Each structure stands twice: as C-alpha cells, then as structure tokens.
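Here is a friendly walk through one protein model, written for someone who likes to know which residue touches which. Keep the sequence and the 3D view open as you read.

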Amino acid sequence: MKTHMFHVLLFFSLAKSAVVPSVPSHLRDCYRSSLADSQAPRRLDVYLSLLRKLELNNQLDMRMFSTALLRSLRLDGIEQSSANAVETEFLLPYRASSFQFHKYKLLMDIFLPSQNLINVDETLPVEEKCLLHEMLSSTVRRWERGDENVVCPVSAQQSQTMVTQSSTRINSRCPIEEGVIQTNWGTVSPGTLVAAIATSLEPQRVSVTDILNANIFKQDIAEPMMSSAKQEWFENIETLPNDQGNRWQSDIPEISNIWVATLAGDLAEVVVNQGPRVGAVAQNMSIGTNSRWNDTLLPRHHYIFPPDGSIIDWHFTDAEMLAGIDGLILAQYVPKWVEQRRTLRLSQVLDMYYSNDGVSFEPTVRACNRRTLFNNLFNSTDLVTEASKFAYVLSLRQITVYMPVQEMERITNAAVTAFDNYLSAFLRQNHNECRVSNSVPVIDLIVATDGSWKGNDVEEFMSWMGGALESSLQRGTMSLLHGNSGQWIAPPSHNLTTVFSHIKNYTDQWPNRLNLPTVMSSVLRHSLNSSLMEIANNASGALSTIVLIISPSDRPSATEMEQARSLMSSLRTTYFDVYFTYVAENLSDFQVISEYMDYSELFLRTPSTRVQNVIDAVDDFLLKNHIPSRLIGPQCPFNNTVFKQVEYEDFVLPNRPMYYRIHPFYLQQQPLIQVQFRNSGQGELLVCMWRGAEASHSCQTIEERGTHAFNLTNPCPSPDFCLPAHFTVAATSSSNTCAHNDCRLPHEVGYYITHTGLRCLPLRALGRILQSELSVIVSALLILKSIIYIL
C-alpha cells in the first residue's frame, strides 16, 4: 500500500513563481555589453567575502539564506542565444538554454521551493552582484572566442576536426567553465555546495508519483511524453510486486533532494545527455574533465581541454564532482551544527571546511580529510537508486524521445560504474595533506612597484597577497600606489573585488620607474589622514601599516635618496607604527634611508624580477613575521577639547594568537601605565606582556567575563633608552558562541582592551605644520619630475 511520507504539493505552493529560462530583471545588467567582467580572482576568499556581505545585511538564518541565495543569484545554463543577436534596451541575447538549466529548474521548483528574500542590489554593487551570480551559476562558454591559438593551440589537421555547430558558430576547443572557484583542495562549484547545505536544512523525499502529477512539472512537457510516462509508471512500475527485485520498488519510490542537489543530480545529466548516444557502456561515458585555470595566482578563467582535440562532454565536470562530494559530506553535519548554534552562517561553514583547522564543532570535518569522510558515507547502490529515478524525471523535461525505465536503469548503472572507476585517482589528485595553520598578520598594506612589473604582474601579486593575508575575510586593508606619481591606483579597500575594480578602471600608464620620495610623501599624507580619523573616532588601538616597496631593478638617484631620508625623518617623529619592507635585487640604497635600523624596516633580497621570486621572499620573511597591532595614546588637549578614547575590541582564534605593541613614545615621561584586557565571554584567554627578552613574559589566564590589568610603573626611567611594551592574546578554549557581526568564525573569542596613562600625541597641532611641509615637498617633487622629463 502506498503511504506518503511527505506531500510535495504543499511545498510547491511556497515558490513565488516557477523558474523560467529568461534572465531575471535584477540580473540583466550582468549580460549587458556595457558591463565588463570583474577582474577579481575566482577564488574561495573572494566568494566568501561576497557571501558575508549579503549575510550581514539580510539577517536570515542559514536555511532561509541559502535557499534565497539560490533563488536570487543562481541560474544555470545561461548562454548567448545567437552570434548575430543585437542587444537593445528591451532585447537581451542571453537565456538559460543549455542542459544545466533543466536540473536547476527541477531542484528549485520541486525539491527546494523557495522565495527570493534577498535584495541583492541594496547590498552589492553591480560588479560584485554579477561576480557572485557568475560564481554560483553553472554553465560553459562553449563557442569559439578568438583566443584559442594562445590558450589551446592545435595543429591545422586537428583544427579541421573541430565540430561546427552551425554555419556561423564553432565550438571552442577549450571552452570556459563558469560557476567554479579555486580552493586549496581543488576547484569546486559553489552553487552545488550551497544547494547541498540548503537541502540538508530542508530535507525531503519527493515521490515520483507526486512529481508526475504536479502541474508545475507537467506544464512544460509535451503531452505524448507525459502519456508514455504515466502509462509505464502507473500501469507497470507501481503495480509490480516487490519480490521481482526491481530497485525502484519500495513503499513509495522517492527521490532525496540532497542527492538531487549533489552527485545524483549531476550523474543524471550524464545519463540523459550521453546515454541515448553511447548506450549503457561505462567505457564510452565521459565523467570528469581535463581542466585548469588560466593562472594559478590570478584564477579568472577555468578552461576545459578535450584530451584529443575533439569536443568533449562536460555533463559532470571535476568541479561539480568535488562540490558534490563535499556537499554530501557537509549535508551530514550542518543540521546538527545549526541546532547547536542557530546564528551559524553559510560563509562560516565553508570557511572552516576549506581550512586546515576544520569545522570548530567537529575539527576532523575538513577538506583535507575528504577521502576518509566520503568513503565512510558513500554507497554506490544509493547513488544508482537516486540517480536512476531522478534521471527518469529529468529525461521527461530535457529530451523529446521517451526512455523506458529499464533502459534508464541500465544506463545509470553504467554511469555509476564510470564514476567509480574515475573516483579514486580523482580524489588523490585533489588531495592536500592537513597542516598546522599559522597566524596571519592583520595589517593595512600599501604596495608600490617600480617599472619592472606591468599590469598583469602587479595583478598577480596583489591577488596572491590578498589570499595570503586573507584580506577579504579579516579587518585589514590593501592598496596600491603608483610607484612613479605616488597617486592611488587602488585606494585602501577591505576586499579584493574593490581593489581589482579600481585596477580595472585605472587608465594611466603603469610606473616606468620608482620615485621613492613621491611614494613616501603619499604614505606620509595617508598616515596623517588615518591618524586624524582615529582621533575623530576616539580610537585607542588600530592596525599597523606595512608599506611594501617592490623595486627589483630600479635604484633611486642621489637627489631622491636625500629627499627620502628627509621624509622618513618626518614620518618617524609622528607615525611610529608604519613598517617599510623593501624588495630588491640590490638593497644597499634602501638600507641607508633611515638614520638607524630598527624593527620597522625589513629588507628582502630577490634574485630576479619574476613575480614568483618576490612572492617567495615576501612569504618567507614578511607574512611569517608577527606584526603587532598598535595601542596608541590619545590626542593631546587642543582648543580646549579633551579627547577620551574608547575601548578597543578584537577577536582571536584558537592557535592563532594576536599581537599588540605600545611604542616607547607613549611610555616616556609617564609614572604609571595600565593596560587592561576584558574577556567578552566566548572562551578562555591567555594574555601575556613582555619588554625586551622573551624570557621576561608575564602571563595570566582570563576566564569568561573576567579581566586582567598589567601595570607598568615608571616604564622609561632613562630618557635615552626605552623598550616598547608587547602583548599577546591567545584563545585557550572556545564555546563556539561568537555571534558578533565582526566574528569571522563562531569559535573566535572576543575581548576588549583599555589603557590609561599613555603619553598623548599633539597630532592636531602638528597636522597643519605637516600639511604645509607636505605641500612644499610635493611641489618640489613635481618641479623635479618636470626637469627630468625635459632633459
């Protein structure tokens, strides 16, 4: 007797409307010829930063957010409708006409009905909205673009074998797969990941009978197809006795929406699209793809390369397979984690899973354990059962000739065999061992380059640097200065999408040399403006600034050296926590800019101008340094105004301590200084202070909601010698309860820092003098540049 565990028709009514192939109004800007593609890397950190923006501005729980995200920004299978189509105000030559659309429509109409609860345009600028839409939507840009001779050159004989789709359109021999992002554990399809998590939070098994009877399903299918399907299903399949061994026979033949969103859904596409052509022969089925990024440092285009120069099938790509595997893994755990912590966000789950530390609720759940986790849950029999039933439903939507159930089963068995044969080597290929993670400095970074690098070199470095610093996920900023003019190419930004947007819109020439004084004057002006902003905000602490001068081949002139020394002297008298790092083949000139060598300068020798050589030096000697944030004194009273500082809030992850420093200036001439740490209550902290030798650390454990104060009595007894004060904060335990908007992850522990007794800084009074000095210096530099240009 047939019993309904879930009445799917009830859920059909929840969908605001059926998914249609036309591009929705809020995404049309993404397909206008006037909008250039975002130049930001298609990478996990960039994707997570966009997700986080939406999460913080929409205040939905993970279940509602993930389904709304799929409804709002994902639309699979979009392609250009015609090579000669003319775009007008009312006509857009794009629609979801490729095979990927059909699975997506079934998923959203039947297996995960939802409403669009996210107003993306209120949160993301159009370029970021379109980038996130591209990352979430699976499609392949299949038509020849014109760059194939560079990207994937072939012989003239091979070129003749390329399949022509029509008299005007030719298939590219290296099409571009979209809807994918790069991670340290392989390229994945984020749309599949989101769908897996969404279905796990709203799981349902939908009966085939209910699907065949649903108006939202029947309305797009030709009557003869539906008649054949219903005749076989209702007259034959449902009436077969269970002892005949048909795998479809159960109390109710049902399909899991989790399987549809992951491996069974993609494998069904192989069955439906390849089965009628190659039959039920596993060796003839194409599973996976031979693909790679255009650039590992700056991944923008993910190319699919046919192994023999002929057109290849991309019905189940490597990125979709990895995402399907990871999605199934996460689907086993996410509902339990959400039950433990209702405020858990989608971006946090993905951030933790694709990390060496793993998910804080269960640290073994991480991408580097993918093989073990997947082998523990995967069963080929389940995949055959789910894929064959969904393939039957999908075939009714996608193909015009009815395929009997038994034939569908035979082809599905062959497809699963092909998948099993591919799986083991594929997982090995995308495996990276779990490693101990290191602290990453949270800084404000300013980069300036000489004439050794042009646009693509600089973009590669900025892309790598943003990923290494996790700048899109932390509170630091990145910026790019023109090495010759000192003007901003990309002003300070909190995420890489903004940085690359500025770089894309920069139309002047790239630097042909390094003019060190103009760079330093820009740094000095920026430091002044930042400090004035900190005073206005009553800040008691802030990030340190790192100025990274990349000049592998250029050397400053004698006049420039003299001006650079003068500017450095001015900077050091007021802005104590600006660090300079020089990268060059010859460092001798840079080493004599300051009057004395101290902690705030770092010199990195590179053997060549190659980007990778510079990356290696910066990675080894800058990023592995513990660059402290700064604790600062107040502005001195000015014009009868007394400046009171607010407490400094920060967060720390287990195994990734935070560092702070008080410059000697703030300690001098002070009888007593107190620095207090207050635990916000999400775990236990260990705070330490030292001055000078590492052995002199003074440490104290702070329980949840507890406080501890360090007292420095007469910290600088000698006016000629005074050591800075250093502090570290480490999380020794976490309750996984950090729900603050600034919490990157739930197991961060928050705390507040307050201090009293620090020497005040007369910056407002000095500001006018410094502005005047800067104006004179900049005018002199402009005159000098004009003279050099004339000569």
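## The six-stranded sheet

In this predicted model, six strands form an open sheet with mixed pairing, in the order 13-12-11-15-16-17. Strand 13 (488–493) and strand 17 (601–605) stand at the edges with a single partner strand each, so one side of each is left without a neighbour in the sheet. On average, neighbouring strands of this sheet are turned by 15° against each other, direction ignored. Here, strands are DSSP runs of E with at least two residues, helices are runs of H or I with at least four, and both are numbered from the N terminus. Two strands count as paired if DSSP finds at least two bridges between them. As background, strands of a sheet pair through backbone hydrogen bonds, either parallel or antiparallel.

Look at strand 11 (residues 444–449) and strand 12 (residues 477–481): they run parallel and are joined by five bridges. Within this pairing, Ile446 stands opposite Ser479 in strand 12. Helix 19 (residues 455–469) packs on the sheet, touching strand 11, strand 12 and strand 15 (545–550). The direction of helix 19 makes about 160° with that of strand 12. Helix 21 (residues 516–536) packs on the sheet too, where it touches strand 11, strand 12, strand 13, strand 15 and strand 16 (578–584). The direction of helix 21 makes about 155° with that of strand 16. A contact means heavy atoms within 4.5 Å, while the angles run from 0 to 180 degrees between N-to-C directions of axes fitted to C-alpha atoms, for helices over the stretch in contact.

A word on conventions: residues are numbered from 1 along each chain as its sequence is written, and side-chain values use heavy atoms, with hydrogens and water left out. Because the model is predicted, local features need pLDDT of at least 70 and side-chain atom pairs count only at pLDDT 80 or more, whereas totals for chains, interfaces and linings use all residues.

## Salt bridges

A salt bridge is a side-chain nitrogen of Lys or Arg within 4 Å of a carboxyl oxygen of Asp or Glu, and by this rule the count comes to 35. Three of them are set out below.

| Salt bridge | Closest N and O atoms |
|---|---|
| Lys103 and Asp266 | 2.8 Å |
| Arg744 and Asp351 | 2.9 Å |
| Arg565 and Glu562 | 3.5 Å |

What does the salt bridge of Lys103 with Asp266 tie together? Lys103 lies in helix 4 (residues 100–111) and Asp266 in helix 13 (residues 263–278), so the pair ties together parts that are 163 residues apart in sequence. Both Lys103 and Asp266 are buried, which here means under 20% relative accessible area; exposed means over 50%, and partly exposed is in between (1.4 Å probe, protein chains only).

Arg744 and Asp351 also link distant parts of the chain, 393 residues apart. Arg744 is in the loop between strand 25 (725–734) and strand 26 (749–756), and Asp351 is in helix 15 (residues 346–353). Arg744 and Asp351 are both buried.

Arg565 and Glu562 are three residues apart in helix 22 (residues 558–572), separated by about one helical turn. Arg565 is partly exposed at 31% relative accessibility, and Glu562 is exposed at 52%. Elsewhere, salt bridges that share partners join Lys105, Asp109, Asp220 and Arg397 into one network.

## A buried loop residue

The loop between strand 25 and strand 26 also holds Asn736. Asn736 is buried, with a relative accessible area of 12%. Leaving aside neighbours within four places in sequence, Asn736 is in contact with Arg341, Ser360, Phe361, Gln682, Pro746 and His747.

## Aromatic rings

Rings of Phe, Tyr and Trp (its six-membered ring) pair if their centres lie within 6.5 Å; planes under 30 degrees apart count as stacked, over 60 as edge-to-face and the rest as tilted. The whole structure has 25 aromatic pairs. One of them is the tilted pair of Tyr303 and Phe305, 6.1 Å centre to centre with 55° between the planes. Tyr303 is buried at 7% relative accessibility, and Phe305 is buried at 9%. The rings of Phe665 and Tyr666 have centres 5.5 Å apart and planes at 85°, so this pair is edge-to-face. Both Phe665 and Tyr666 are buried. Phe316, Phe374, Phe378 and Phe419 form one aromatic cluster.

## Confidence

The protein chain averages a pLDDT (the predictor's confidence in each residue, from 0 to 100) of 89, and 89% of the residues score at least 70. Over residues 1–16 the pLDDT stays under 50.
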